[in-house]
Amino acid sequence: MKRNGEMTVTAIITVSSCLLLFGVFMLFSVNINYIGEQIQNQCQIEAYIEFEATSEEEQAVVEAVSALDNVSECVFISKQEAMRIYRESLGADGAVLDDLEGEEFLRSSVRINMTDLEQSQELAQQLSQIPNIAKVTNRQDIFQRVLSATSIIRNGSLIAMLILLIVAIFIISSTIKLSVEARRDEVHIMKYVGATAGFIRRPFVVEGILTGIVGGIISLALVGVGYNAVVTYLEEFFDIFDLLPTWDIMPWVILITFVFGIIMGAIGSTLALIKHLKV
């Protein structure tokens, strides 16, 4: 590697560039899936309680809802709380409600988060059978769109990362092949004097692994600094969805990137030697 400095630098730059793209895409994919989970968590069914229900009956409804299988969380919204939410939704026009009380025309309700959105219709039917529940709102069409979108994103991310893996191995193999070509005479001589394929291949594989490690370090430094800057910026100006914290996700990125870099370097070196080992 030291004697072939230019080829080594070229290989390291190529590996670090591929790993940089891989790391960026991995962070993007993981965060898109994380945002999709947040969207799913915001998909709720709301069950409205009978207007005349007593406090004891309302509490019984909450307990019955909590006991259902597909319920991950349920929040009781009293008439007073419903009035406050309604007032806030009107903004500056909320003053028109100053002389009204929530008990006069709003129902108490239970907002329900589900463990499985695909079972929302069955859950809505179970809710409608609970005593003192007057109405159940279930936006099944929206839930299906959310499920379809998250499924497409998840599957698309896996396919794209697989394609990127294949392309990266091809690029790195081509780059290392230039280094092998520069030493093809030595490879042929060793082959002619009886060196085994494993003996010839070993130093090139080690070189590929070292190239992958160095390229991984460079790419991780760039990815880590860049991702931390993006998260910090979005936390200040974008608070609708959360991104995964830097130190929650970077250990996995570091592990996967190093493993990926080592594998790419080893496979790339092996593929680059195939032609010359057939001598």
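Partly exposed describes a residue whose relative accessible area falls between the buried limit of under 20% and the exposed limit of over 50%. Keep that in hand for the exercises below, and remember that this is a predicted model.

## Exercise 1: Getting your bearings

Describe how helices and strands are arranged along the chain.

Step 1. Start with the inventory: the chain holds eight helices and four strands.

Step 2. Now read along the sequence, where the pattern is α-β-α-β-α-β-α-β-α-α-α-α.

Step 3. Add burial and contacts. Of the 279 residues in the chain, 38% are buried. Among contacts between residues at least 6 apart in sequence, 82% join residues at least 24 apart.

## Exercise 2: Ala221 and Ile254

Decide whether Ala221 is buried, partly exposed or exposed, and find how far its C-alpha atom is from that of Ile254.

Step 1. Place the residue: Ala221 belongs to helix H7.

Step 2. Apply the cut-offs. Ala221 has a relative accessible area of 44%, so it is partly exposed.

Step 3. Take the distance. Ala221 and Ile254 are 33 residues apart along the chain, and their C-alpha atoms are separated by 9.8 Å.

## Exercise 3: The salt bridge

Find which side chains meet in a salt bridge, and work out which strands the pair ties together.

Step 1. Searching the whole structure turns up one salt bridge. General chemistry helps here: side chains of opposite charge can pair when their charged atoms come close.

Step 2. The partners are Arg111 and Glu46, whose side chains meet at 3.3 Å, N to O.

Step 3. Arg111 sits in strand E3 and Glu46 in strand E1 (residues 44-49), so the salt bridge ties together parts that are 65 residues apart in sequence.

Step 4. Check the surroundings of each partner. Arg111 is partly exposed at 28% relative accessible area, whereas Glu46, at 15%, counts as buried.

## Exercise 4: A serine and a threonine

For Ser109 and then Thr257, work out whether the residue is buried or exposed and what its side chain reaches.

Step 1. Ser109 is in strand E3, which covers residues 109-114. With a relative accessibility of 2%, Ser109 counts as buried.

Step 2. The side chain of Ser109 makes a polar contact with the side chain of Glu46, at 2.8 Å. Glu46 is also the salt-bridge partner of Arg111.

Step 3. Leave aside neighbours within four places in sequence, and the contacts of Ser109 are Glu46, Ala47, Tyr48, Ile49, Val75, Phe76 and Ile77.

Step 4. Turn to Thr257, in helix H8 (residues 246-277). Thr257 counts as buried, with 2% relative accessibility.

Step 5. At 2.6 Å, the side chain of Thr257 reaches the backbone oxygen of Val253. Beyond neighbours within four places in sequence, Thr257 is in contact with Leu19, Met26, Gly216, Ser219 and Leu220.

## Exercise 5: Two pockets

Set out the volume of the largest pocket and of the second largest pocket, then the class make-up of each lining.

Step 1. The largest pocket has about 250 Å³ of space. Residues in its lining include Met1, Arg3, Arg183, Met190, Phe199 and Glu207.

Step 2. Helix H6 (184-192) and helix H7 (197-237) each supply at least two lining residues of the largest pocket. H7 gives the most, with four.

Step 3. Sorted by class, the lining of the largest pocket has six nonpolar, one polar and five charged residues.

Step 4. The second largest pocket has a volume of about 200 Å³, and its lining includes Val24, Phe28, Asn31, Tyr227 and Leu243. Helix H1 (5-42) and H7 are the elements that give two or more residues to this lining, and H1 has the largest share, with six.

Step 5. In the lining of the second largest pocket, 10 residues are nonpolar, one is polar and none is charged.

## Exercise 6: A backbone angle

Explain what stands out about the phi of Asn132.

Step 1. Recall the background: most residues other than glycine have a negative phi.

Step 2. Asn132 has a positive phi of about 75° although it is not a glycine.

Step 3. Locate it: Asn132 is in the loop between helix H4 (120-128) and strand E4 (133-137). With 27% relative accessible area, Asn132 is partly exposed.

How values were computed:
Residues numbered from 1 in each chain as written. Predicted model: local features only at pLDDT ≥ 70, side-chain atom pairs only at ≥ 80, totals over all residues. Heavy atoms only, no water. Buried < 20%, exposed > 50% of the residue type's maximum accessible area, 1.4 Å probe, protein only. Polar contact = N/O pair within 3.5 Å; in protein donor to acceptor, adjacent residues only side chain to side chain. Contact = heavy atoms within 4.5 Å. 1 Å grid on protein atoms, 1.4 Å probe; cavity = no way out; pocket = protein on both sides within 12 Å on 5 of 7 lines; lining within 4 Å. Points joined across faces, edges and corners; volume = space filled by probe spheres on them. Nonpolar A, V, L, I, M, F, W, Y, C, P; charged D, E, K, R; others polar. Salt bridge = Lys/Arg side-chain N within 4 Å of Asp/Glu carboxyl O.
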